[in-house]
Amino acid sequence: MTLEVRNLRVSFGQRTVVAIDALDLGDGEILGLVGESGSGKSITSLSIIGLARSLGATVSGSIKLDGRELTTLGEREWRELRGDRIAMIFQAPISSLNPVMRVGDVFVRALRLHGASRAQARDRARRAMEEVVLSPQLLARYPHQLSGGQAQRVAIAMAVALRARVLLADEPTSALDVTVQAEILSLIGRMRLEEGISVLFVSHDLAVVAGLCDRVAIMRAGQIVESGATAATLRAPATEYGRELIAAVPRLGDAHA
Amino acid sequence: MTAVGIGAGRARGVLRRLGHELARNPTLTVGAVVLAIVVVVAIFAPLLAPDPTDAGNATHPLSVLQAPSSAHPFGTDELGRDLLTRVMYGGRTSLQIVVEVLAIAAAIGIPLGLIAGYFGGAVDQVIMRVTDIFLAFPALLLSLAIASVFTPSVGHMILAIAVTWWPWYTRLVRGEAASVVRRPYVESSRTLGVSHARIVARHVLPNAATPVLVQISMDAGGVLLVSAAISFLGLGAQDPTPEWGLMVSQGASYFSTQWWYATFPGIAILITAMAFNLIGDGLRERLDPKRVLSR
Amino acid sequence: MTRFVLKRLGLGVLVVLGVVVLTFLIARVIPGDPAVTYAGPHATPAAIAHARQVLHLDKPVIVQLLDYIKGVVEGNWGTSYRTKQPVLSNIGTALPASIELVVAGMLIAVLIGLPLGVLSARFASRAPDLGVRVVAVVGVSMPVFWLALIMQRVFSGSLHWLPAAGQYNANLYYTHPLTSYTNIPVLDALLTGNWAVLGSALSHLVLPALVVAAYPAGLIARMVRASLLDTLAESHVRMVRSLGFGERALFTRFALRPALNPVVQVVALVFAYSLANTFLVEAVFDWAGLGSYAANSLQALDTPAVMGVTLVVAVTYVVLNLIVDIVQALIDPRIRIQ
């Protein structure tokens with residue numbers, strides 16, 4: 001098991017926003033974490049990479065990566081881990097890149113941070129760009145000179161170049177056009193196959209999750225109410241909430257129902 | 001429940017809310033408290049000051065340039081006048097200056113800004129170019145230049161500074177007016193025949209009120225420093241008017257031996273300017289739309 | 001990029017032109033007959049009439065204005081009524097002294113204000129933050145002329161650490177005469193290897209420059225703090241953290257660079273504001289700069305001189321804004337598109 005989360009409790013002051021008893025992510029698995037806005041899914045992914053505290057949250061529980069307990073790590077150990085073992089991509093990819101630095105600059109610095117020499121870093125960055133089907137020349141651009149799809153590919157390329165084990169994807173396609181969305185989803189799927197990355201895919205969009213994820217977990221008000229294999233769960237949800245969620249998805253031809 | 005009981009209950013409620021405000025926004029509270037003290041001292045100066053006549057032309061040849069003592073906590077000046085009294089009365093002068101300058105500047109600047117932003121086009125261009133020209137100068141220099149043209153006095157100085165200050169408000173209000181005018185609900189109001197005046201009153205003014213208020217609070221400190229500087233250079237208040245900047249310049253020539261003369265008025269300027277700035281900071285924190293939305 | 005610069009330049013010229021017209025009009029309001037001032041206190045009516053002709057006061061106002069503008073462009077800024085010398089050369093001697101002071105002050109302000117602002121943001125809501133914020137508020141609320149007096153009294157009068165007035169020791173005029181290229185003592189001394197004057201000039205510069213630096217330092221510290229805190233909340237900072245970068249990398253590069261953008265804009269404005277404050281400092285420290293020249297000219301109702309000073313200040317402000325715009329476009333590539 002790559003990622004094991006047990007008894008995760010995240011709160012802001014008195015308010016508990018996440019209360020997950022168990023969440024598992026297997027080797028090379030893509031797990032979808034779905035729920036409505038405010039269900040706590042983003043905070044969950046931020047907690048797994050240890051960034052919830054910087055937002056002011058209190059985190060307790062157990063998060064194990066390949067058997068190693070993360071919640072007791074010091075800040076320095078966390079910094080070695082981030083990028084290297086666990087990577088994260090975000091919604092609104094262009095805003096997630098530093099606006100005053102060339103994309104390649106951040107890329108190379110991140111690689112060098114985790115031990116590569118300058119030459120190695122440049123080389124790995126270039127190859128990672130080719131993997132995500134982007135011209136390495138784009139590395140010389142600034143984020144606002146890229147399209148949303150290109151920027152998200154760059155983010156994924158960084159995760160690939162850094163050889164992360166786990167990719168946390170927080171609504172990575174929500175801000176993109178539908179056609180671009182499809183490309184990014186297929187790219188993530190390919191990364192799983194070729195690099196063996198495990199993916200935690202957070203989304204409010206059931207249709208997206210249905211196409212990509214092996215398993216799906218449904219979150220509501222901070223708790224996981226249901227989880228299981230994607231096809232089975234979405235076809236026949238066991239809980240009332242699950243049924244409501246599925247029913248709410250508009251389907252072509254529904255107008256006549 | 002007696003009337004006293006109800007009164008006490010209300011008082012306690014007010015105090016509790018004040019305590020709440022203090023915790024939530026210490027900057028604003030500290031600034032407001034200090035300013036309140038300054039204002040109270042200024043208003044009640046005739047009652048609080050030890051020698052009210054010393055605020056004017058009085059001379060006491062026997063007590064010239066005396067060091068601070070229990071009789072004269074701030075010492076005396078070269079005419080023997082009590083400096084504590086003059087500093088207190090100086091507060092009245094300074095507050096009068098700040099209020100009048102900002103009132104005039106707003107009275108000129110806001111309407112001009114409304115016209116420029118609302119009507120746009122050539123009117124807008126002309127007004128904004130004029131604004132740019134005025135803004136091409138640091139306030140102090142332009143006010144000095146204008147003040148130098150007239151016989152030095154507090155009144156002339158107020159006019160000079162106000163004339164320098166209005167462009168900020170024009171620019172601020174113009175921005176607000178221009179953005180509101182573009183909004184769809186304004187356009188539809190116009191097609192329904194709503195008059196310009198009503199649109200300005202109902203839509204533009206409320207939106208512009210907050211930034212203008214914040215700007216005014218932030219400007220107060222600046223106006224105080226500029227007026228003190230102009231008086232220091234001799235182009236503003238004249239003796240016997242008690243004005244802090246003037247007193248610092250009067251005390252400057254005695255400074256090496258009689259340190260108290262220039263020191264206390266300067267401290268008064270510093271504290272009052274700090275109070276204004278803290279209030280400005282506090283208001284900006286509280287009323288800035290960015291922050292309000294992020295709550 | 002060049003189109004950007006040209007457009008800004010064009011606007012700048014327009015503003016300067018407007019300033020010239022405005023000052024011309026203000027000068028017309030100044031009481032006193034310029035011909036009388038020029039001719040002197042004991043002039044005969046004939047001398048005054050002659051003065052009127054020399055000063056072109058007999059021509060219509062519009063012609064006078066156009067003549068003046070033409071003169072400005074050609075380098076003839078009129079003759080000072082007071083010194084009887086060309087205004088431009090007067091300003092040429094006085095301006096560098098003020099520039100020396102303002103530049104020194106701004107350098108100190110940035111060197112102090114920037115790190116303080118970063119420190120303040122790094123430890124936001126903790127002790128260092130509170131300390132810096134208090135000091136910064138004092139800085140921006142400080143009456144400059146009063147601070148000048150205090151500093152002079154304490155560091156020169158009482159402690160005798162630093163000299164009280166002037167740009168450098170007057171005795172050195174004789175023992176180590178300084179050849180003037182730029183009229184800026186520190187620069188000239190450096191260029192000619194005149195170490196005695198250099199040392200003296202630097203020590204004379206310290207106090208007034210510190211006083212000039214008080215306001216900008218406070219302002220810069222506040223702006224850097226606010227801008228950094230805003231930037232830290234943006235999503236690109238979250239991404240950089242997720243890559244494994246720590247607080248130090250954030251505060252020296254990833255968060256700092258985008259945060260500097262609004263600060264650069266303020267620095268230019270403050271430069272112009274500091275020029276005004278230098279005038280006050282010059283009065284206290286007996287500094288022969290533009291401020292003293294302006295004060296004397298105002299007192300003597302020396303119209304051409306006053307107009308010359310006004311013009312210089314306006315041009316300086318416009319040039320500064322242009323530099324800021326260019327620097328901003330260099331730092332933040334998004335601006336170039338506009």
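Let me start with a single pair of side chains, B:Asp281 and C:Arg222, which meet in a salt bridge at 2.9 Å, N to O. Please keep in mind that this is a predicted model. Across the interface of chain C and chain B the rule finds that one salt bridge, together with six residue pairs in polar contact, both residues being at pLDDT 80 or more.

On the side of chain C that touches chain B, the elements that give two or more residues are helix 1 (2-29), helix 6 (127-141), helix 7 (144-158), helix 10 (195-232), helix 13 (256-285) and helix 15 (303-331) of chain C. By class, this side of chain C divides into 26 nonpolar, three polar and four charged residues.

In total, 33 residues of chain C are in contact with 38 residues of chain B, and the area buried between these two chains is about 3300 Å², with carbon and sulfur atoms giving 79% of it. Of the area that chain C buries against chain B, 19% is supplied by C:Phe145, C:Trp146 and C:Arg153, more than by any other three residues.

Turning to chain A, 27 of its residues are in contact with 19 residues of chain C, and the two chains bury about 2200 Å² between them, 70% of it on carbon and sulfur atoms. A:Phe90, A:Pro99 and A:Val100 lose the most area to chain C within chain A, together 24% of what that side buries.

Here the rule finds zero salt bridges between chain A and chain C, although it does find six residue pairs in polar contact, both at pLDDT 80 or more. Helix 3 of chain A gives four residues, the largest share of the side that touches chain C.

Key. Residues numbered from 1 in each chain as written. Chains lettered and ligands numbered in written order. Heavy atoms only, no water. Contact = heavy atoms within 4.5 Å. Buried area = accessible area lost by both parts, 1.4 Å probe. Salt bridge = Lys/Arg side-chain N within 4 Å of Asp/Glu carboxyl O. Polar contact = N/O pair within 3.5 Å; in protein donor to acceptor, adjacent residues only side chain to side chain. Nonpolar A, V, L, I, M, F, W, Y, C, P; charged D, E, K, R; others polar.
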